[in-house]
Amino acid sequence: MPLPLIHHPRYTIELPDGHPFPMAKFQALRDRLETELGDTTIDWLQPEIAPRGALARVHTPAYLDAFLSGQTSKAAQRRSGFQWSEALVERVRLETGGTLLTVEAALSDGLALNTAGGTHHAHAGFASGYCLINDIAVAAAHARAMGWVQRVLIIDLDVHQGDGTAAIFADTPEVVTFSMHAGSNFPARKTPGDHDIELARGTGDDAYLATLRDALATLIDAVRPDLVVYDAGVDVHQADRLGHLELTDAGLEARDRHVLQVCRERAAPVAAVIGGGYDRDITALADRHAILHRTAASL
Ligand SMILES: [Zn+2]
């Protein structure tokens, strides 16, 4: 059965020259996967923009009013990492629509993957760290509101702590947040989630994978989720210019394989998003993100 992969050409928009966010990676990832996996392996699905009603399940009306209509203050734009534009709003809503579609496809096929998403620093009422709308939270809340699932487990292995997601679901015991991240990375002040593991700078493959193996299966057995949303950030990689954890390509592949296999053994559907990854070499970065999709296709 072909693997559902979700992509929209307007995941990538123009940014001012020299902007630090690697916006071209989404298109580069799609091109890479098309070349590498071919059309027989992949079922490409194109999302629509996430409706305001879906966003409003986790974001405040005041924040949505400001963000959707371009009334965001200069200070708030600085904190988000992006200057406001119509194209940015469309891009963010398409990315969130993509994660909504990824969840739907995962619940139907067992596994589906977005080629964007993982904007876990977005809180209910403010944007932060390149994250404007929390696609993970919107998708988890949507699946519950539609009555598709009861319990959701969010496995967040981006190098940065999933503070926005943790805050949004602080009073929702049916959505369990697990974040394994570098303690020394952004955000300086973490928002405690249900299960947080802080790793030391320079942890590396062996210790990272041992810690993950110790934690994950036990957690899934305890939560018994109807849906897993997996943030597979590659900013844990040794070449990433922001992350502090020093994983290799092989370490990333072993990480993703472990998560996907443990979930599959327990018949937990997985909707995966790519998360963070910061490298000025877009080709190298797209190759790194493609490890997730390649591993999923090989299961
Ligand atoms: Zn990150």
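Strands β3 (residues 111-114) and β8 (residues 270-273) run parallel to each other and pair over three bridges. Looking at one of those bridges, you'll find Leu111 matched with Val270 in β8. Keep in mind as you browse that this is a predicted model.

That pair belongs to a wider sheet. Eight strands line up in the order β2-β1-β3-β8-β7-β4-β5-β6, and the sheet they make is open, with parallel pairing. At the edges sit β2 (42-45) and β6 (195-199), each with a pairing partner on one side only. Going from one strand to the next, the twist averages 15°. As background, strands in a sheet pair through backbone hydrogen bonds, which can be parallel or antiparallel.

Now for two helices that go with this sheet. Here is how they sit:

| Helix | Strands it meets | Angle |
|---|---|---|
| α9 | lies across β3, β4, β7 and β8 | about 175° to β7 |
| α10 (residues 282-297) | touches β1 (3-6), β3, β7 and β8 | about 160° with β3 |

Helix α10 is also home to Arg288. Is Arg288 buried or exposed? Its relative accessible area is 7%, so Arg288 counts as buried. Its side chain makes a polar contact with the side chain of His237, at 3.5 Å. Leaving aside residues up to four places away in sequence, Arg288 touches a handful of others, including Val234, Ala239, Asp240 and Leu252. Asp249 and Asp279 are also among the residues that Arg288 touches.

Next stop, the metal site. Which residues coordinate the zinc ion? Asp158 does so through two OD atoms, His160 through ND1 and Asp235 through OD, at 1.9 to 2.8 Å. Why is the arrangement called irregular? The angles subtended by the four donor atoms run from 53 to 153°, whereas a tetrahedral site would need all of them between 85 and 135 degrees. So the zinc site ends up as irregular.

Along the sequence, the donor residues follow the spacing D-x1-H-x74-D. The two aspartates bring distant parts of the chain together: Asp158 and Asp235 are 77 residues apart. Asp158 lies in the loop between β4 (152-156) and α7 (163-168), while Asp235 lies in the loop between β7 (227-231) and α9 (249-265). Both Asp158 and Asp235 are buried.

Note on methods. Residues are numbered from 1 along each chain as its sequence is written. This is a predicted model: local features need pLDDT of at least 70, side-chain atom pairs count only at pLDDT 80 or more; totals for chains, interfaces and linings use all residues. Side-chain values use heavy atoms; hydrogens and water are left out. Donors are N, O and S atoms within 2.8 Å of the metal (3.2 Å for Na, K and Ca); water is not among the atoms, so sites may look incomplete. Four donors count as tetrahedral if all angles lie between 85 and 135 degrees; four count as square planar and six as octahedral if opposite donors are over 155 degrees apart and all others between 65 and 115; anything else is irregular. Helices (H or I, at least four residues) and strands (E, at least two) are DSSP runs, numbered from the N terminus. Buried means under 20% relative accessible area, exposed over 50%, partly exposed in between (1.4 Å probe, protein chains only). Two strands pair if DSSP finds at least two bridges between them. Axes are lines fitted to C-alpha atoms, for helices over the stretch in contact, and angles run from 0 to 180 degrees between N-to-C directions. Contact means heavy atoms within 4.5 Å. A polar contact is a pair of N or O atoms within 3.5 Å; within protein, one must be able to donate a hydrogen and the other to accept it, and residues adjacent in sequence count only if both atoms are side-chain atoms.
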